[in-house]
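Q: Hi! I'm new to this one, could you walk me through how its chains meet?

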2 protein chains.
Amino acid sequence: MERARLATVDDADVLAELLHDFNTEFGAPTPGAPLIAASLRDLLAAEATFAFLAGSPAAGMGLVTLRPNVWYDGPVALLDELYVVPDRRGHGIGTAMIELLMTECRAREVRLIEINVDESDVDVQRFYRRHGFSDVDPDSGERASYFLHQLG
Amino acid sequence: MERARLATVDDADVLAELLHDFNTEFGAPTPGAPLIAASLRDLLAAEATFAFLAGSPAAGMGLVTLRPNVWYDGPVALLDELYVVPDRRGHGIGTAMIELLMTECRAREVRLIEINVDESDVDVQRFYRRHGFSDVDPDSGERASYFLHQLG
């Protein structure tokens, strides 16, 4: 089982390389690792973002943002990013990071963790379901779709 | 056309009554308006939450939370709640609040606004589409489902 650990500001370059690789692999735009690293240094120095790394050398990363919510005393966590490099998948790196996510969220008094998962990505959905996530809100009994609006 | 305005801490009681009515109407749990108001007073005094009211007397409310994101210089906004009381629907109150949402987000340098919409709620989905929201990510071309995990 691979180990995961909480990242610090000093890990910004490694995290940024993995995020850049993540977006490149899936055809998403990326400003390049140096700009991502600069953004991460700011974010990780503040309270509302944390990140983790797993594997040695680093083969997986995760990025979490926190925000307030009127229904919960503690913050709500959104798992913005979770990535394992292709040739290290299937060795428990993702699971190690999800377990660290749970531990860190409990320590921060988070009672709700959210993720937006592509509808076509059934393997990723299976992974999250196995770790206790659901696409059905227990209060409403409803599934929800993610809507977005980009401002120019 | 009804007017919408940004709420202040002094509006916490009115906002809370509407939020309580919202949850009651849709069968969602609510801790009651006084506890909601106490939470709102804390949230609205800080930077990461803003709210609006519309109508006179108030017939609609919205609640927005902001969080950082590695891909955007400014914060990302989530429209957590948007409610119009039943007997005042169909008079542009929701539209007035969405237009204020856009104005306030631009003023805060928000480039991405998000909403999670129940899959069965086609009227609500139509409302958001009409206001420029999409359930297809322009980068990935994918629809995404909202997954959640509540921690005990």
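**Where the chains meet**

A: Happy to! This is a predicted model, and across the interface of chain B and chain A there are 32 residue pairs in polar contact, both residues at pLDDT 80 or more.

Q: Which parts of chain B touch chain A?

A: Several elements of chain B each supply at least two residues of the touching side, among them helix H1 (12-25), helix H2 (33-44), strand E3 (60-67) and strand E6 (144-150). By type, the residues on that side of chain B divide into 29 nonpolar, 16 polar and 14 charged.

Q: Nice. How many residues of each chain are in contact?

A: 59 residues of chain B are in contact with 59 residues of chain A.

Q: And how much area do the two chains bury?

A: About 5,600 Å² between them, with 56% of it on carbon and sulfur atoms. On the chain B side, B:Trp71, B:Phe147 and B:Leu151 supply 16% of the area buried against chain A, more than any other three residues.

Q: Switching topic: how many salt bridges are there between chain B and chain A?

A: The count is 2. One of them pairs B:Glu119 with A:Arg143, where the closest N and O atoms are 3.0 Å apart.

Q: What about strands, how many bridges join strand E5 of chain A to E6(B)?

A: There are 7 bridges between strand E5 (residues 112-118) of chain A and E6(B), and the two run antiparallel.

Q: Which residue in E6(B) stands opposite A:Asn116?

A: That's B:Tyr146.

Note on methods:
Residues numbered from 1 in each chain as written. Chains lettered and ligands numbered in written order. Predicted model: local features only at pLDDT ≥ 70, side-chain atom pairs only at ≥ 80, totals over all residues. Heavy atoms only, no water. Contact = heavy atoms within 4.5 Å. Buried area = accessible area lost by both parts, 1.4 Å probe. Salt bridge = Lys/Arg side-chain N within 4 Å of Asp/Glu carboxyl O. Polar contact = N/O pair within 3.5 Å; in protein donor to acceptor, adjacent residues only side chain to side chain. Helix = DSSP H or I, 4+ residues; strand = E, 2+ residues; numbered from the N terminus. Nonpolar A, V, L, I, M, F, W, Y, C, P; charged D, E, K, R; others polar. Pairing = 2+ DSSP bridges.
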